[in-house]
Amino acid sequence: MAGQGCGARQPAVACLLALLLTLTALAGCSAGGPGGQAAAVVSREIQTLLDGHARALLDRDEPAFRAALDPAYAPTALTEFRRLGQVPLDDWRYRVTGVERTGEGRATVRAELGYRLTDHDIGFATSDRVLDLAERDGHWYMTGDRPAEGAPRQLWEQGDVRTVRGSRSLVLGVGQDPQRLQEIAAAADRAIPVVSEAWPSAWADAVVVLVPGSLDAMGGLLGAPGSSYRGIAAVTTGETAGGPDGPADRVIVNPEAYGALGDFGRQLVLTHETVHVATRAHTSGSTPVWLSEGFADWAAYRGTGRTPVQAAPELARAVQAGELPSRLPEDADFGFGGDADALARAYEGGWLACALIAERWGEKELTEFYRAVGAHPGRDGAVEKALQEVLDTTPEEFTVAWRTYLGERLG
């Protein structure tokens with residue numbers, strides 16, 4: 001998520017204070033300020049150190065990699081160096097975003113880590129890091145490297161990485177049976193042509209899957225408590241509307257929930273998540289969750305032969321009990337950690353909304369509708385405008401049609 005600036009919701013006094021602080025900082029760091037010049041020199045020195053450290057990692061040059069490390073930190077860093085030898089890295093870089101002197105010869109550095117996986121990533125997978133450095137004899141050395149507050153951990157920080165390559169998939173696992181990783185790679189490979197058929201727009205036609213060792217480890221990869229994802233078989237990370245050069249997506253599997261599924265369920269999950277990878281460039285803050293999740297389910301169920309009652313059991317029970325929903329699911333209905341049955345009904349309702357569009361207006365119109373909503377400059381009016389321009393209907397008419405469709409398919 002992008003950071004918040006001084007927007008309309010912030011008090012004017014807070015914005016004025018932020019502006020004054022910014023101007024003061026700029027004055028202190030101007031060309032005429034010796035303190036600012038010194039800080040700029042230190043920042044350049046640290047960036048040069050990190051650039052060399054990244055090159056050593058990519059070149060698998062252990063002596064050069066070790067040269068940037070404080071001896072006390074070297075065993076930890078070299079363990080990750082060894083683990084990363086199993087990860088097919090195409091690029092690795094740091095971008096220094098802030099330097100704070102924390103004492104004599106000490107500094108805390110904030111940096112953005114970006115890396116790409118060979119043959120799979122167009123853009124960089126990114127994460128905010130905090131690096132601790134110490135200065136000795138005019139040289140800086142790394143004494144620590146950790147995720148920034150709220151940022152995710154990396155898979156190789158959790159243990160030895162095992163890599164499995166599919167025909168178009170790449171699966172990285174920690175603490176997993178090799179056979180399980182092979183099965184996941186095969187399922188991801190099967191998902192890719194299914195997704196490309198349902199989503200004809202250009203995309204990478206490749207997917208990267210991370211399989212941590214536990215639910216808690218999954219939470220670590222997402223920067224959140226593992227309990228938030230209990231019962232969720234997999235999630236996809238990535239930046240909405242990032243375009244073709246946006247940050248790389250990762251499908252992250254919950255080994256506990258995924259392992260409890262049968263073959264059909266596992267395939268469905270990986271196909272669903274691969275849809276999110278394919279549609280990422282056309283998904284934005286304007287896209288309601290019912291559409292993004294509903295389209296992913298529609299593409300995953302497409303061609304499976306599952307009936308609506310089979311695929312939407314919770315919503316079918318509600319409809320058959322006379323509890324026909326009055327509105328399309330709202331974003332809040334998709335929150336994890338709440339009522340599991342209500343969450344299921346939200347997903348099922350979104351899927352059937354997309355199925356209605358594909359059946360009544362056509363599959364081509366469904367994908368055009370999806371792109372039109374995502375291309376709108378904001379959430380307000382996005383669905384309304386796309387309904388009118390692509391489907392020649394209104395939100396009220398569409399809701400009536402959707403409720404009728406639920407009654408016909410689930411009643």
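This is a short tour of a predicted model, stop by stop.

**Stop 1: the four-stranded sheet**

Select β1 (89-103), then add β2, β3 and β4. These four strands form an open sheet in the order β1-β2-β3-β4. The pairing is antiparallel. Which strands stand at the edges? They are β1 and β4 (139-147). Each has a single partner strand, so one side of each is left without a neighbour in the sheet. Now look at the twist. Neighbouring strands here are turned by 30° against each other on average, direction ignored.

Zoom in on β3, residues 125-136, and β4. Eight bridges link the two, in the antiparallel sense. Show Arg-136 and find the residue facing it. That residue is His-139 in β4.

**Stop 2: the cavity**

Keep β1 on screen. Add α2 (34-59) and α4 (74-84). Each of these three elements supplies at least two residues to the lining of the largest cavity. Which element gives the most to that lining? It is α4, with four residues.

How many cavities of 30 Å³ or more does a search of the whole structure find? One. The space in the largest cavity is about 150 Å³. Its lining has 17 residues. Select Glu-80, Leu-84, Trp-92, Tyr-94 and Asp-145, which lie nearest the centre. Then colour the lining by class. You should get eleven nonpolar, two polar and four charged residues.

**Stop 3: the five-stranded sheet**

Hide the cavity. Show β5 to β9 as a cartoon. These five strands form another open sheet, in the order β5-β6-β7-β9-β8. Here the pairing is mixed. Find the edges: β5 (161-165) and β8 (234-237). Each has a single partner strand, so one side of each has no neighbour in the sheet. Neighbouring strands in this sheet are turned by 20° against each other on average, ignoring direction.

Move to β6 (residues 169-174) and β7 (residues 207-211). They run parallel, and five bridges join them. Show Leu-172 as sticks. Opposite Leu-172, in β7, stands Leu-210.

Next, add helix α6, residues 215-222. This helix packs on the sheet. It touches β7, β8 and β9 (250-253). Line up α6 with β9: their directions make about 155°.

**Stop 4: helix α11**

Select residues 313-320, helix α11. Which of its residues are buried? They are Glu-314, Leu-315, Ala-316, Ala-318 and Val-319. Residues three or four places apart in an α-helix point the same way, because the helix has 3.6 residues a turn. Keep that in mind as you rotate the view.

What covers these buried residues? The cover includes α10 (308-311), α12 (340-360) and α15 (395-410). Before leaving, select Gly-322, which follows α11. Its phi is positive, near 85°.

**Stop 5: Leu-356**

Stay with α12 and pick out Leu-356, which sits in this helix. Is Leu-356 buried or exposed? Its relative accessibility is 1%, and the cut-off for buried is under 20%, so Leu-356 counts as buried.

Now show its contacts. Leaving aside neighbours within four places in sequence, Leu-356 is in contact with Trp-361, Phe-398, Ala-401, Trp-402 and Tyr-405.

For a last step, select Leu-366 as well. Leu-356 and Leu-366 are ten residues apart along the chain. Their C-alpha atoms are separated by 9.2 Å.

Methods:
Residues numbered from 1 in each chain as written. Predicted model: local features only at pLDDT ≥ 70, side-chain atom pairs only at ≥ 80, totals over all residues. Heavy atoms only, no water. 1 Å grid on protein atoms, 1.4 Å probe; cavity = no way out; pocket = protein on both sides within 12 Å on 5 of 7 lines; lining within 4 Å. Points joined across faces, edges and corners; volume = space filled by probe spheres on them. Nonpolar A, V, L, I, M, F, W, Y, C, P; charged D, E, K, R; others polar. Pairing = 2+ DSSP bridges. Axes fitted to C-alpha atoms, helices over the stretch in contact; angles between N-to-C directions. Contact = heavy atoms within 4.5 Å. Buried < 20%, exposed > 50% of the residue type's maximum accessible area, 1.4 Å probe, protein only.
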